[in-house]
Structure formats: structure tokens, C-alpha cells
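Visitor: Could you take me through one small part of this protein up close? I'd like the overall picture to start with, then the detail.

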Amino acid sequence: MRIVIAGGHGQIALRLERLLAARGDEVAGIIRRAEQSEDLRAAGVEPIVLDLESASVEEVAERLRGADAAVFAAGAGPGSGAARKDTVDKGAAVLFADAAVRAGVRRHLVVSSMGADAGHKGDEVFDVYLRAKGAADDHVRGQEALDWTILRPGALTNDAGTGLVRLEAHTGRGAIPRDDVAAVLAELVDTPATAGLTLELVSGSAPVSVAVKSVAGN
């Protein structure tokens, strides 16, 4: 498979890219800064330098053409202000989905956030973030030309992955190592029967492959 990942230098994205490249997939990562290219090449990934905050739909679609799947794993990051939650966490996600539709790439995965909700109340930056992610998710869910799956992990940690997770429509609050998020994404890419599902993810007791199979087709 050829898989294009937005936010290709992010912590989850780099883990996912290594997994996909190691199993033989052709992987490309969209990055904002050219100096990040070497990190992607070291992971066996083709770097695509493109700023999703300023690119047009057609520019992104051109990079997506010929792909079998697209993964949105970009984010403004914890140090960013409210404005970039809107331009990246919402705007770039909407742009990427629209570009996938234009490019004819049906399989579409989104790394969202537990609690994402366009109607979320509050004035803190994190509240703005949850609204932005929720609005982006709503937009993706409205695209009939996409076989989308939205993954909403709990609190992210850098602990070593255990390969044991809980993946359901509603899991309740919990933490999850980024390693395990990447492993679930790699499995979801290969499981089109999860299309149309919004799934929460925390650490649990089910092996990743079992957890994904158990929700497939629901």
C-alpha cells in the first residue's frame, strides 16, 4: 500500500511510519519544514514538504493522488495558541479530507482526541482545541466519498507500548502510550471494515489485532 500521512514528523506519525515502512508499505509524510526530511528518510519514509496552513486543496490532492490511504496525524502542538488550533487542528484536517476526496483516496484515518466536540464549552486553549477537533471530525464524517475511521486516544504517554488496548465507541477516560496508538493505526489502515466508526482508545487487555477485529463491521 501507499500511505500518505499528514503531520509526518509528529510523535505518533513517526512511530506509525516506522511500523508501516518495516512491513513493506510505501509511506510518505507531509512535513512543514525541510529540515525534518532526514528524520523521515531515516525511518524509510518519503518526505513531502508542504505547509497545510497555506496550501490549496489542489496542492494537497496532487500529493495524495495514487495513494491507497491517507492518515491525518497533524496537530498544532501543546505550545500553540488558540488561533493555530483553528488553522491546524480544524483547518488542515478539513483541507486534507477535501483533498483526499478530490484525489480519489477513499481510505481516510484521523487521529482525533477523546472529548473532541464542536459544541464543547469553555474559553481555555484546550477547550478551543476540543472544539476544533470536533468540528474537523464532523466535516470528515460528512464526506460520503471517504471510508473514514476516526480514532480518539485518551491521555498520551511516552511509556513503552504494551500492545494491549481497549478500543470501543466509548471507553471512558484513560491513558495510552503513543506506541500503542501507532500500532492501532497501522492495523486500522488494513481494516477497511472499520470505516464509518469513531473509536476511543485507552490501554486495556486486548491485543491490538484482536481489538480492531472486534470493532470491525460494527
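**A close look at valine 105**

Guide: Let's begin with the whole thing: the protein chain has seven helices and 11 strands. Its radius of gyration is 16 Å, close to the 17 Å that the globule rule gives for 218 residues, so the chain is as compact as a globular protein of that length. Bear in mind that this is a predicted model. The C-alpha trace spans about 45 × 40 × 35 Å along its principal axes, and buried residues make up 50% of the 218. Of the contacts with a separation of 6 or more, 66% come from residues 24 or more positions apart.

Now zoom in on valine 105, which sits in the loop between α4 (82-103) and β5 (107-111). Is valine 105 buried or exposed? With a relative accessible area of 1%, valine 105 counts as buried, because the cut-off for that is under 20%. Leaving out residues up to four places away in sequence, valine 105 touches Leu64, Ala67, Asp68, Ala69, Ala70, Ala100 and Leu146. Histidine 170 is another story: 65 residues from valine 105 in sequence, and 28 Å away in space, C-alpha to C-alpha.

For a second loop residue, try threonine 191, found between α6 (178-189) and β10 (197-203). Threonine 191 is buried too, with a relative accessible area of 15%. Setting aside residues up to four places away in sequence, threonine 191 touches Arg107, Val212 and Ala216.

Note on methods. Residues numbered from 1 in each chain as written. Predicted model: local features only at pLDDT ≥ 70, side-chain atom pairs only at ≥ 80, totals over all residues. Heavy atoms only, no water. Helix = DSSP H or I, 4+ residues; strand = E, 2+ residues; numbered from the N terminus. Buried < 20%, exposed > 50% of the residue type's maximum accessible area, 1.4 Å probe, protein only. Contact = heavy atoms within 4.5 Å. Rg over C-alpha atoms; globule rule 2.2 N^0.38 Å.
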